[in-house]
Amino acid sequence: MPDSRQTLAIFSILTFSIMAILPILFLVATVFFNHFLAPTNISFTELQLLFLNSFFFSSNVTFFTLFLGMGLAWIFTRTTLRHSFIWLGLFCLPLFIPINILANIWSHFLGNHTGLNALLLKWLPSTEPLLNFSPWFSASLVQIMSFYPISLLIFYAAFLRWEQHWSEACYFSSYYKKLHRIVLWRYYRNYLGISALLIFVFSFSDFAVADMFQLHVYATEVFLQLSAYSNLSGALILSLPIILMGIIYLFFIYHWLEHIPLSNGYGNNRQITLKILSPVQTTTLYLLFLFLIGMIIVLPISYLLITIDSWTNMGQLIQLVWQDIILSLFLSFIATTICLLLSLALAYSISRKLKPMGIWIRLFLLFLFILPSSLIGIAYIHFWNQPYFPDFIYQQGWILPFALSLIFLPIAVEIFLLQFKKLPIVEEQAAHLCGISFYKSLRLAILLRLTPVIKIVSLICFIFCFNELTISLLISPPGLSILPVRLFSMVHYGSQSLIASLSLLQLLVLIIPVFFLYRYNLSLIKKSQEKKGL
Amino acid sequence: MLKRLLLISLNLIILFNLSSCDSQKHEVIIYTSVDRHISEPIFKYFEKNNHIKVKAVYDTEANKTTGLVNRLIAEKQNPRADVFWNSEIGRTLMLKEQQILSAYNSPNAILRKSNYRDIEQTWTGLAARARVIIVNTDRIQDKNIPNNLVAFTDPKWYGQAAIANPHFGTTGTHFTALYNLWGEKRFNKWLIALQKNKVTILPGNAQVKNKVSSGEYAFGLTDTDDALAAIKEGAPVKIIFPDQNSDGLGTFLIPNSVAIIKNAPHPVAAKQFIDFLLAPQTEELLASGDGGQIPLSPNVKGPDNLPNTQKLQLTQVDYKLLAKNFEIMLKNYRTIWTN
């Protein structure tokens with residue numbers, strides 16, 4: 001067994017080095033030798049202000065996103081609310097809409113003479129806009145609505161994995177409440193920490209929303225350095241403070257993860273006590289959900305549907321881009337597979353301490369996560385576009401799925417790490433003693449129990465890869481047409497109707513395969529239950 | 001089994017490479033920031049007439065059409081592109097400064113004015129767009145229509161005008177041209193007046209077009225192709241070519257620019273493409289398209305949907321200086337706008 005485990009660790013670390021560490025280090029070295037300490041076109045005071053401004057903005061977004069995600073996850077898992085899985089599916093829909101499109105829709109909806117204001121101006125005798133939304137408010141709103149499904153899914157998984165016997169163990173203590181609180185905190189703080197880190201970094205590094213509402217934040221400055229001034233060194237230098245902040249934060253999470261007292265049991269079917277909702281509570285919840293769904297889902301989608309003038313456009317559009325759709329789905333599928341396999345292998349190796357470099361790999365993953373995707377793309381070009389490498393690697397686009405998979409790899413590793421930490425090693429040891437091979441025990445004793453998490457990670461990863469624009473643009477081979485690039489190039493010259501058709505198409509392209517996979521998954525579960533005679 | 005799999009994979013890779021080597025002989029790789037619906041028909045026309053396959057990489061507005069410039073800079077040591085066809089000129093000048101472009105004197109380049117081509121022959125201008133004022137006719141009546149850049153600072157229009165972010169695209173180039181023409185003092189004064197008059201800065205020209213079309217702003221500064229798109233959509237807008245008085249500044253033209261990349265993999269095909277693109281017939285095609293590109297070759301018919309651009313009073317600028325003062329212009333803009 002140890003040999004196979006070591007092989008897996010070495011293989012995953014080697015792959016990760018080739019895929020991420022070497023290209024990034026190569027870029028850093030190139031920048032260091034060519035333009036060391038190049039000016040960033042921004043004064044230190046301005047930078048400090050910008051950093052603080054962005055810090056408060058992202059903290060605000062993170063707080064409300066966690067609050068919303070956690071609250072919804074609690075309701076779906078801890079109450080007797082009916083059809084909670086359907087509600088979950090509905091609330092996850094914003095994940096499928098690219099953030100640029102969501103920002104575009106909301107900027108129109110919250111505009112001074114459009115959307116809500118236009119509606120009010122029709123009814124009320126006024127010529128001036130009645131509602132004035134600040135860029136800070138609008139950008140926060142769009143980011144919260146775009147990111148909350150991530151915290152919702154993470155907490156959904158966390159609540160599902162909580163075991164009733166942990167609560168029951170506290171009953172025997174004379175200070176039950178205090179002990180229970182400690183146990184709850186120790187369990188949930190890891191999920192809270194990881195979600196907060198992910199959302200904070202997402203918010204801090206997001207350029208699209210801030211740009212749409214012309215909010216000058218740190219991410220726009222990094223983008224300006226690269227795009228307006230072509231200052232690669234400036235963009236890298238500006239990424240350093242957030243990396244430093246992330247490292248400090250990660251230290252706490254690392255410390256917490258080292259002290260997990262709770263391991264999941266095996267075969268414990270004890271049901272968690274659910275809060276029984278009274279009819280009044282159920283009605284209130286339904287009303288709240290309807291309001292939220294209306295605001296988060298129905299409003300943008302209805303806006304899209306209303307804006308589409310002619311449905312024949314949609315048919316023509318599909319005819320124009322169907323090849324791009326197939327190619328993008330194929331690329332995202334490959335990228336998701338790579339990301340899933342590598343993140344599982346890395347997380348397993350780190351959690352089982354197979355190599356003493358776990359913390360360094362996690363730090364590098366964090367660095368990768370914080371780095372703007374344009375810099376990852378440029379790092380790939382610098383590293384792989386070499387005359388002594390075979391031509392097909394760069395020119396034919398073989399590296400594209402690898403680069404795409406890097407976008408979600410850090411998140412996937414952190415999520416799997418959290419899961420592996422809670423799976424006791426005794427079952428693997430028992431399997432080994434019974435003469436079962438490592439890969440078989442991995443498949444039957446570990447991966448099987450991670451199935452729900454694997455499915456969630458695959459889904460989010462697939463969506464992220466599918467919608468990724470910058471990397472596709474930077475390293476897609478000439479002549480290859482990918483859907484996001486095609487769509488975003490059409491958005492420029494297109495009418496509002498065309499943009500709406502494009503957005504709806506992108507939404508459908510993602511939702512339809514996911515829906516069929518979900519149905520397939522349900523049929524598999526049903527078959528397996530029938531087999532067991534349940 | 002493993003050996004067999006390895007052998008098959010190796011064979012596949014070799015076959016894949018050989019086939020790609022063969023196809024490489026008759027192709028040209030073009031990076032373009034020109035909108036796809038404008039450039040794609042031109043590529044198809046070229047392929048049909050020259051039997052050379054065009055492999056294009058397009059840019060997008062979502063990243064301010066600067067993705068390909070960064071890609072070209074990153075690929076400098078081992079270039080993959082043959083031609084860069086840029087929708088404006090500022091970034092081409094930046095690439096020239098970084099020594100990424102190669103010289104080529106196309107026979108079709110000589111026909112145009114010297115201002116529209118580089119002395120060192122690294123780039124040539126073609127099919128321009130004009131910087132125009134787009135006015136919402138529901139909000140402004142004919143007699144009040146703003147017709148110059150000073151109107152943006154007129155208190156009468158307080159909070160009603162919009163301009164795209166000058167860090168990017170044609171607005172950046174336009175602002176640099178104004179900086180060069182007016183000098184630092186006058187340019188800064190104009191910027192301060194813009195800020196005092198609460199002129200809104202939007203992410204790009206497309207947003208200026210959208211928000212003026214929807215009536216959120218009364219007027220804005222944008223490019224002819226965006227303004228024409230708004231008219232095509234049926235928006236209540238009008239195009240105004242600014243500063244057409246005898247003592248006016250004139251309308252600023254921003255040509256597309258085309259250049260061969262230094263050490264391009266297919267130099268012969270690249271030259272053929274540039275000759276084709278600079279030909280009067282191609283400019284006529286571009287003029288008749290949706291973008292309404294204004295031809296720079298003499299005696300080529302202009303776009304039907306725009307007034308006769310040959311008679312327009314144009315801003316007199318030296319395009320070669322636009323890269324030089326771009327960063328200084330931005331520094332001034334940032335100092336004034338962030339305070």
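**Close-up views of chains A and B**

**View 1. Chain A meets chain B.** At this meeting place, 53 residues of chain A and 56 residues of chain B are in contact. Keep in mind for every view here that the model is predicted. Putting the two chains together buries about 4,700 Å², with 52% of that area coming from carbon and sulfur atoms. As for polar links, 11 residue pairs are in polar contact between chain A and chain B, counting pairs with both residues at pLDDT 80 or more. On the chain A side, helix H22 (483-493) is one of the elements that give two or more residues to the contact. Which element gives the most to the side of chain A that touches chain B? That's H22(A), with 6 residues.

**View 2. A salt bridge from chain B to chain A.** The interface of chain A and chain B holds 2 salt bridges. Zoom in on Arg334(B), which makes a salt bridge with Glu46(A). Their closest N and O atoms sit 3.5 Å apart. Several helices of chain A give two or more residues to the side that touches chain B, including H4 (99-109), H9 (208-212), H10 (218-227) and H15 (373-384). Helices H16 (391-395) and H21 (470-475) of chain A are also among them.

**View 3. The two domains of chain B.** Now for chain B by itself. Its domain assignment gives domain 1 as 21-127 + 255-304 and domain 2 as 129-252 + 325-338. Where they touch, domain 1 of chain B puts in 16 residues and domain 2 of chain B puts in 14 residues. Taken over C-alpha atoms, the centres of the two domains are 27 Å apart. Between them the domains bury about 1,100 Å², and 51% of this is on carbon and sulfur atoms.

**View 4. Polar links between the domains of chain B.** How many salt bridges are counted between domain 1 and domain 2 of chain B? The count is 1 salt bridge. Look too at Lys232(B) and Asp290(B), which form a salt bridge with their closest N and O atoms 3.2 Å apart. There are also 3 residue pairs in polar contact across this domain interface, both residues being at pLDDT 80 or more. On the domain 1 side, helix H4 (residues 90-97) of chain B gives the most to the surface touching domain 2, with 3 residues.

**View 5. Strand E6 of chain B and its partners.** Strand E6 (residues 161-164) of chain B has Ala161(B) and Ile163(B) pointing one way, with Ala162(B) and Ala164(B) pointing the other way. Are these residues buried or exposed? All of them are buried. E6(B) runs parallel to strand E8 (residues 219-223) of chain B, and 2 bridges join the pair. Here Ala161(B) has Phe219(B) as its bridge partner. E6(B) also pairs in the parallel sense with strand E7 (residues 200-202) of chain B, over 3 bridges. In that pairing, Ile163(B) stands opposite Ile201(B).

**View 6. A covered helix in chain B.** Helix H3 (residues 67-74) of chain B is mostly covered, with 7 of its 8 residues buried. Gly67(B), Leu68(B), Val69(B) and Asn70(B) are among the buried ones, and so are Arg71(B), Leu72(B) and Ala74(B).

**View 7. Thr79(A) in its loop.** Back in chain A, Thr79(A) sits in the loop between helix H2 (44-78) and helix H3 (84-91). Why does Thr79(A) count as buried? Its relative accessible area is 5%, and buried means under 20%. Leaving out residues up to four places away in sequence, Thr79(A) touches Trp74(A), Leu274(A), Lys275(A) and Leu277(A). A polar atom of the Thr79(A) side chain also lies 2.6 Å from the backbone oxygen of Ile75(A).

Key: Residues are numbered from 1 along each chain as its sequence is written. Chains are lettered from A and ligands numbered from 1 in the order in which they are written. This is a predicted model: local features need pLDDT of at least 70, side-chain atom pairs count only at pLDDT 80 or more; totals for chains, interfaces and linings use all residues. Side-chain values use heavy atoms; hydrogens and water are left out. Buried means under 20% relative accessible area, exposed over 50%, partly exposed in between (1.4 Å probe, protein chains only). Helices (H or I, at least four residues) and strands (E, at least two) are DSSP runs, numbered from the N terminus. Two strands pair if DSSP finds at least two bridges between them. Domain bounds come from an automatic or database domain assignment. Contact means heavy atoms within 4.5 Å. Buried area is the accessible area (1.4 Å probe) that two parts lose on being put together, summed over both. A salt bridge is a side-chain nitrogen of Lys or Arg within 4 Å of a carboxyl oxygen of Asp or Glu. A polar contact is a pair of N or O atoms within 3.5 Å; within protein, one must be able to donate a hydrogen and the other to accept it, and residues adjacent in sequence count only if both atoms are side-chain atoms.
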